[in-house]
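Please take a moment with the sequence and the model below before reading on. The paragraphs that follow go from the whole chain to its strands and then to a single side chain.

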Amino acid sequence: GGLGSFEPKKPLIEGIESWEDKGVSYMIKDPEVYRDKKVLIAGGGDSALDWSIFLAEVASEVTLVHRRSEFRGALDSVEKVQALKNSGKINLITPAEVIGLAGDTHLNKVYIQKTGEETPIELTVDAFIPLFGLSPKLGPIGAWGLEIEKNAIVVDNTLDYMTNIPGVYAIGDVNTYPGKLKLILCGFHEATLMCQSAYGRIFPNKRYVMKYTTVGGVTGFDGTKKEAPKAVVKKIE
């Protein structure tokens with residue numbers, strides 16, 4: 001499962017789901033959809049900055065809203081947005097947040113609350129694109145009855161990385177335990193102990209013999225046995 005499937009982070013705006021595919025989108029698949037349209041983008045990262053820059057040459061009007069005046073994106077992108085704002089190609093509203101949406105069958109108005117002001121700004125738009133990043137979700141795995149903690153599966157790292165369900169293991173980014181590090185190296189270690197435990201469950205009456213390639217060698221891709229040379233360093237008589 002890894003970290004899970006990634007879903008867009010949605011702003012906490014009442015009724016936003018009812019406007020999805022009716023003017024509200026969480027990603028841009030085809031920029032031409034916004035040709036000669038009034039577009040509002042919300043966010044302060046690279047995605048929000050980059051799409052604001054790109055759509056400035058496509059849409060009839062681009063407005064960028066961010067809850068802070070500082071942006072987390074690349075310096076070059078921030079400077080380009082500043083230049084587009086200065087030339088009137090991008091409207092920048094900061095620090096502010098979108099607090100409401102309105103329209104008939106399609107979104108046509110948004111309400112923006114600017115920090116320190118009492119009256120919200122009413123803005124006419126054709127599209128609202130909140131770009132707040134992605135968050136991982138476990139999806140169907142989360143309904144299997146496994147113990148979940150912060151979107152990860154709890155395992156016993158003192159033994160074999162088994163979950164709370166006997167015979168079900170979780171290794172890699174999908175699991176969690178005290179001191180967990182999401183590294184490939186740690187995943188290999190977890191896989192080794194998990195496989196040894198699983199082998200014992202699959203073949204309970206079969207003796208497990210640990211083998212080492214440095215001692216027994218390994219069969220190469222050409223079918224021949226590859227072994228380290230056993231040179232004698234000093235003879236004992």
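**From the whole chain to one residue**

Of the contacts in the protein chain between residues at least 6 apart in sequence, 48% join residues that are at least 24 apart. The coordinates behind this value belong to a predicted model, and the same caution applies to every value given here. The secondary structure of the protein chain amounts to four helices and 14 strands.

The overall dimensions come next. Whereas a compact globule of 237 residues would have a radius of gyration near 18 Å, the value for the protein chain is 28 Å. The C-alpha trace of the protein chain, laid along its principal axes, spans about 95 × 45 × 35 Å. About 15,500 Å² of the protein chain is exposed, and carbon and sulfur atoms supply 56% of that area, while buried residues account for 34% of the 237 residues.

Among the strands, one may begin with an open sheet of three, arranged in the order β5-β6-β7 with antiparallel pairing. At its edges lie β5 (96-103) and β7 (121-124), each of which pairs on one side only, and the twist from one strand to the next averages 25°. In general, the strands of a sheet pair through backbone hydrogen bonds, in either a parallel or an antiparallel manner. Here β5 and strand β6 (residues 107-114) are joined in the antiparallel sense over seven bridges, and L101 stands opposite V110 in β6.

A parallel pairing can be found elsewhere in the chain, where strand β2 (residues 38-42) and β8 are joined by four bridges. Within this pairing, V39 has A127 in β8 as its bridge partner. Strand β8 (residues 127-130) directs A127 and I129 one way and F128 and P130 the other way, yet all of these residues are buried.

The last stop is a single polar side chain, that of N175, which is found in strand β12 (residues 175-176). Is N175 buried or exposed? N175 counts as buried because its relative accessible area is 0%, and the cut-off for that class is under 20%. Leaving aside residues up to four places away in sequence, N175 touches A152, I153, V155, Y161, A170, K180, K182 and E190. One of these neighbours, A170, has its backbone oxygen 2.9 Å from a polar atom of the N175 side chain. The reader who selects N175 in the model can therefore look for a residue with a relative accessible area of 0% and for the backbone oxygen of A170 at 2.9 Å from its side chain's polar atom.

Terms used
Residues are numbered from 1 along each chain as its sequence is written. This is a predicted model: local features need pLDDT of at least 70, side-chain atom pairs count only at pLDDT 80 or more; totals for chains, interfaces and linings use all residues. Side-chain values use heavy atoms; hydrogens and water are left out. Two strands pair if DSSP finds at least two bridges between them. Helices (H or I, at least four residues) and strands (E, at least two) are DSSP runs, numbered from the N terminus. Axes are lines fitted to C-alpha atoms, for helices over the stretch in contact, and angles run from 0 to 180 degrees between N-to-C directions. The radius of gyration is taken over C-alpha atoms; the globule rule is 2.2 Å times the number of residues to the power 0.38. Buried means under 20% relative accessible area, exposed over 50%, partly exposed in between (1.4 Å probe, protein chains only). Contact means heavy atoms within 4.5 Å. Accessible areas come from the Shrake-Rupley method with a 1.4 Å probe; for residues, only the protein chains shown count as cover. A polar contact is a pair of N or O atoms within 3.5 Å; within protein, one must be able to donate a hydrogen and the other to accept it, and residues adjacent in sequence count only if both atoms are side-chain atoms.
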